[in-house]
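Subject: Structure for you to look at

Hello,

Here is the structure I said I would pass on. Please open it before you read the notes underneath.

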Amino acid sequence: MGKNYRNCSKVSAPPRRPFEKERLDRELKIVGEYGLRNKREIWRVNLTLAKIRSVARHLLTLPPKHPKRLFEGEALLRRLTRLGILSESEQKLDYVLALNTERFLDRRLQNRVFSAGLAKSIHHARVLIKQRHIRVGKRLVNVPSFMVRLDSEKHIEFALTSPFGGGRPGRVRRKRERENKGKEADAEDDDL
């Protein structure tokens, strides 16, 4: 087999206090509102948010004209703006500290598909994505947690291979059409 030299780290961190009632209620509400599979999806976003905020906190301790703060601060703000998490008017590190989980969850593909009107509900959006009916630009995406950039948001549509996007009909429709052809052929035989 050989040794695996990839660096793997955990992508989610469970809460320190597992049975805190307010947090449990808040998480359950978020899971329902955003159609998430489990609470680990929230914890994953929370860990990402914690890492981003810790970087911003470290950069804010440096003097304003420090080259590292200027370079890395601008890069962080540019990345968050391109993802649509920060707006054009919020171009300061202080706004990064004020970010919350919902801002990240709003940029998920699942939420964008629902808000674009391609799905009837947030849960239907997740099913469409997992069943490979959705593409972003020319790229077919089947990951509901895909973070959609601002410039890609206009290009969310049904895949070309999908029955919704002009592809061949689905399994059930093909079966019904075969049955209908069979009934028509039987009716013609009866007429003769």
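What percentage of the 192 residues in the protein chain is buried? The share is 29%. Keep in mind that this is a predicted model.

Overall build

The protein chain has eight helices and three strands. Read from the N terminus, the order is α-α-α-α-α-α-α-β-β-β-α. The radius of gyration of the protein chain is 24 Å, whereas a compact globule of 192 residues would have one near 16 Å. Along the principal axes, the C-alpha atoms occupy a box of roughly 95 × 45 × 40 Å.

Among contacts with a separation of 6 or more, 50% join residues 24 or more positions apart. The exposed area of the protein chain is about 13,800 Å², and 52% of that area comes from carbon and sulfur atoms. The protein chain carries 45 positive and 24 negative charges, and the mean positions of the two sets lie 11 Å apart.

Three residues to find

Start with threonine 81, which sits in helix α3, residues 67-83. Why does threonine 81 count as buried? Its relative accessible area is 8%, and buried means under 20%. The side chain of threonine 81 comes within reach of the backbone oxygen of leucine 77, at 2.6 Å. Setting aside residues up to four places away in sequence, threonine 81 touches Leu86, Glu88, Gln91 and Leu150.

Next is lysine 130, in helix α7, which covers residues 122-130. Its C-alpha atom is 8.3 Å from that of valine 141, a residue 11 positions away along the chain. Beyond the neighbours within four places in sequence, lysine 130 is in contact with Asn142 and Pro144.

The last is histidine 133, in the loop between α7 and β1 (134-136). Histidine 133 is also buried, because its relative accessible area is 12% and the cut-off is under 20%. Which residue's side chain is joined to that of histidine 133 by a polar contact of 2.7 Å? The partner is serine 162. Serine 162 is also one of the residues that histidine 133 touches, not counting those up to four places away in sequence. The others are Leu128, Glu157, Phe158, Ala159, Pro163 and Phe164. Glycine 165 is 32 residues from histidine 133 in sequence, and their C-alpha atoms are 7.9 Å apart in space.

Regards

Technical notes: Residues numbered from 1 in each chain as written. Predicted model: local features only at pLDDT ≥ 70, side-chain atom pairs only at ≥ 80, totals over all residues. Heavy atoms only, no water. Helix = DSSP H or I, 4+ residues; strand = E, 2+ residues; numbered from the N terminus. Rg over C-alpha atoms; globule rule 2.2 N^0.38 Å. Buried < 20%, exposed > 50% of the residue type's maximum accessible area, 1.4 Å probe, protein only. Contact = heavy atoms within 4.5 Å. Areas by Shrake-Rupley, 256 points an atom, 1.4 Å probe, with all protein chains shown as cover. Lys, Arg positive; Asp, Glu negative; His and termini not counted. Charge placed at Lys NZ, Arg CZ, Asp CG, Glu CD. Polar contact = N/O pair within 3.5 Å; in protein donor to acceptor, adjacent residues only side chain to side chain.
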